[in-house]
Amino acid sequence: MGKIAIIYGSSTGATEAVAKKIQEQFDGADLFNTDSVTTDELKPYDFYILGASTTGVGDLQDDWDMFLPKFEKMDFSGKKAAIFGLGDSASFSTSFAGAMYVLYKALKSKVDIIGSVSADGYTFDESDSVVDGRFVGLALDEDNEYDETAPRIEAWVKELKKQLA
Ligand SMILES: Cc1cc2nc3c(=O)[nH]c(=O)nc-3n(C[C@H](O)[C@H](O)[C@H](O)COP(=O)(O)O)c2cc1C
């Protein structure tokens, strides 16, 4: 499976807490906050798990917004990435977890992105992050659907491990 880096941007800590839960499920994965990580630190890794909350209306979390222009210039040869995103599907039903798409759009031509998730079972009106009926990564809603978070992470990690095997 190679070396795994989990890289997150989090404004009030929700995405950070989820990133830690995902870390627990991967033996030896390292955790980095976009507010302080450097691209040099990330070079040795083979698989990047990228987490972001959504701000504004469908916008990328602020620390990621600063870091993405550097991150997207990395050499991703032979590497893979997966995305997870937090949002509030009740208050922001027309831009739910839109930040995932901002990451996806910037990186899809540069790195092999795995881990899309069916949009079935989520309640929202619109999301840029749904492409051909599937979220481009794992959408989570800690504001309204926190009961779903643990099973959603578990199913996603299982699928990622299968694809990385
Ligand atoms: C100013 C503001 C704008 C937001 N905009 C969106 C949005 O467009 N879509 C969405 O799904 N969630 C939106 N949210 C909800 C957050 O993404 C959600 O609460 C998330 O869990 C916060 O995670 P964090 O603490 O890691 O930043 C917004 C929250 C705030 C405070």
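**View 1. Residues around the ligand in the predicted model.** In this predicted model, the ligand is surrounded by 20 residues. Ser10, Thr12, Thr15, Ser53 and Ser95 are the closest of them. By residue class, the shell around the ligand consists of 12 polar, 6 nonpolar and 2 charged residues.

**View 2. Polar contacts of the ligand with Ser10, Ser11 and Thr54**. An N or O atom in the side chain of serine 10 lies 2.6 Å from an oxygen atom of the ligand. At serine 11 the contact is with the backbone: a polar backbone atom is 2.7 Å from an oxygen atom of the ligand. Threonine 54 also places a backbone N or O atom 2.7 Å from a ligand oxygen atom. On its own the ligand has 650 Å² of accessible area, and the protein covers 78% of this.

**View 3. The ligand pocket and the elements that supply its shell.** The ligand takes up the space of the largest pocket. Helix α1 (14-24) and strand β3 (47-55) each contribute at least two residues to the shell around the ligand. The largest contribution to this shell, 3 residues, comes from β3.

**View 4. The open sheet of β7, β9 and β8**. This sheet has 3 strands in the order β7-β9-β8, with antiparallel pairing. Strands β7 (117-118) and β8 (130-131) lie at the edges, and each pairs on one side only. Strands of a sheet pair through backbone hydrogen bonds, in either a parallel or an antiparallel arrangement.

**View 5. Pairing of β8 with β9**. Strand β9 comprises residues 134-135 and is joined to β8 by 2 bridges. The two strands run antiparallel. Valine 131 has arginine 134, in β9, as its bridge partner.

Key:
Residues are numbered from 1 along each chain as its sequence is written. This is a predicted model: local features need pLDDT of at least 70, side-chain atom pairs count only at pLDDT 80 or more; totals for chains, interfaces and linings use all residues. Side-chain values use heavy atoms; hydrogens and water are left out. Two strands pair if DSSP finds at least two bridges between them. Helices (H or I, at least four residues) and strands (E, at least two) are DSSP runs, numbered from the N terminus. A residue is near a molecule or strand if one of its heavy atoms lies within 4 Å of it. A polar contact is a pair of N or O atoms within 3.5 Å; within protein, one must be able to donate a hydrogen and the other to accept it, and residues adjacent in sequence count only if both atoms are side-chain atoms. Accessible areas come from the Shrake-Rupley method with a 1.4 Å probe; for residues, only the protein chains shown count as cover. On a 1 Å grid over the protein atoms alone, a cavity is a set of points where a 1.4 Å probe fits but cannot get out, and a pocket is an open set with protein on both sides within 12 Å along at least five of seven lines; lining residues have an atom within 4 Å of a point. A molecule sits in a cavity or pocket if more than half of its atoms lie within 2 Å of its grid points. Ala, Val, Leu, Ile, Met, Phe, Trp, Tyr, Cys and Pro count as nonpolar, Asp, Glu, Lys and Arg as charged, and the others, Gly among them, as polar.
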